[in-house]
Amino acid sequence: MTAPEQVEYAPLTPVSVERKLRTLVNSLTNAQSALAEVRDAEVSAKHTFERAHRGALLSGECPKVSRGGHTTAERDAWVEEKCAAEREAYDLAEARRKAAEDHLRTLRDQSVIVATLAKSVNLAYSMAGTGER
């Protein structure tokens, strides 16, 4: 087992905290735009998949369910096979959207933490040099 790496500690200043907050504001804006883009892509992929699913289901090649003939499970498997690529694209788009939401949430959490640190740093700097009276 190796010893944990020592991280160099640099005390925070009001300027460094403000710099971090500004960076987070920019990151939040970018993450919101990215989330909007992947949401649009997810909706588009969903509609493409549903269109392919309906097309396969209504295709003349689609097995017809009948007594003594094809079962609904066979028909559904055939339809799923015909639109598997569209389903995969939709699933991947959904995963990208969820990842973008997670990223945005993480940035918001970091912003709250940095804002809390800012209060602490500002209090420490306002108290500096006052000493006991």
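1. A word to start with: contact here means heavy atoms within 4.5 Å. With that in hand, take Arg 97 as a way into this predicted model. Leaving aside neighbours within four places in sequence, Arg 97 is in contact with Leu 35, Val 38, Arg 39 and Glu 42. Arg 97 itself belongs to helix H3. Although its side chain is that of an arginine, Arg 97 is buried, with a relative accessible area of 15%.

2. Next, the helix around Arg 97. H3 has 44 residues. From its first C-alpha to its last, H3 reaches 65 Å, close to the 64 Å expected at 1.5 Å a residue. The buried residues of this helix include Tyr 90, Ala 93, Arg 97, Ala 100 and Glu 101, and further along come Leu 104, Leu 107, Ser 111, Val 114, Ala 118 and Val 121. Against what do the buried residues of H3 pack? They pack against H1. As you turn the model, those two helices are a good pair to follow.

3. Now for the charged side chains. Side chains of opposite charge can pair when their charged atoms come close. How many salt bridges does a search of the whole structure find? The search finds nine. One of them joins the side chains of Arg 39 and Glu 101, at 3.5 Å from N to O. Arg 39 lies in helix H1 and Glu 101 in helix H3, so this pair ties together parts that are 62 residues apart in sequence. Arg 39 is partly exposed, with a relative accessible area of 41%, whereas Glu 101 is listed among the buried residues of H3.

4. Arg 97 comes back here, with Glu 42 as its partner. Their side chains meet in a salt bridge of 2.7 Å, N to O. This pair also links distant parts of the chain, with Arg 97 in helix H3 and Glu 42 in helix H1, 55 residues apart. Are Arg 97 and Glu 42 buried or exposed? Both are buried. Glu 42 is also one of the residues in contact with Arg 97, as point 1 mentioned.

5. Arg 97 has another salt bridge, this time to Glu 94, with 3.9 Å from N to O. Here both residues lie in helix H3, three residues apart, about one turn of the helix. Glu 94 counts as partly exposed because its relative accessibility is 23%, while Arg 97, at 15%, counts as buried. Salt bridges that share partners join Arg 39, Glu 42, Glu 94, Arg 97, Lys 98 and Glu 101 into one network. If you colour these six residues on the model, you can follow the network for yourself.

6. For aromatic rings, the count comes to one pair. Phe 49 and Tyr 90 are stacked, at 6.2 Å centre to centre and with 10° between the planes. Phe 49 lies in helix H1 (residues 14-57) and Tyr 90 in helix H3 (residues 84-127), so the pair ties together parts that are 41 residues apart in sequence. Phe 49 and Tyr 90 are both buried.

7. A look at the loop between H1 and helix H2 (72-82) brings up Ser 59. This serine is buried, with a relative accessible area of 18%. Its side chain reaches the backbone nitrogen of Glu 61 at 3.0 Å. Not counting residues up to four places away in sequence, Ser 59 touches Lys 64 and Trp 78.

8. What of the cysteines? The count of disulfides comes to zero. Why are Cys 62 and Cys 83 not bonded to each other? The sulfur of Cys 62 is 10 Å from the closest cysteine sulfur, in Cys 83, which is too far for a bond; a disulfide would need the sulfur atoms within 2.5 Å. Both residues are out of the way of the probe by the burial test: Cys 62 counts as buried at 3% relative accessibility, and Cys 83 is buried too, with a relative accessible area of 0%.

9. Finally, a residue of H3 outside the buried set. Leu 92 has its place in this helix and is partly exposed, with a relative accessible area of 42%. How far apart are Leu 92 and Leu 24? They are 68 residues apart in sequence and 27 Å apart in space, C-alpha to C-alpha.

Terms used. Residues numbered from 1 in each chain as written. Predicted model: local features only at pLDDT ≥ 70, side-chain atom pairs only at ≥ 80, totals over all residues. Heavy atoms only, no water. Phe/Tyr/Trp six-rings, centres within 6.5 Å; stacked < 30°, edge-to-face > 60°. Helix = DSSP H or I, 4+ residues; strand = E, 2+ residues; numbered from the N terminus. Buried < 20%, exposed > 50% of the residue type's maximum accessible area, 1.4 Å probe, protein only. Polar contact = N/O pair within 3.5 Å; in protein donor to acceptor, adjacent residues only side chain to side chain. Salt bridge = Lys/Arg side-chain N within 4 Å of Asp/Glu carboxyl O. Expected span 1.5 Å × (residues − 1).
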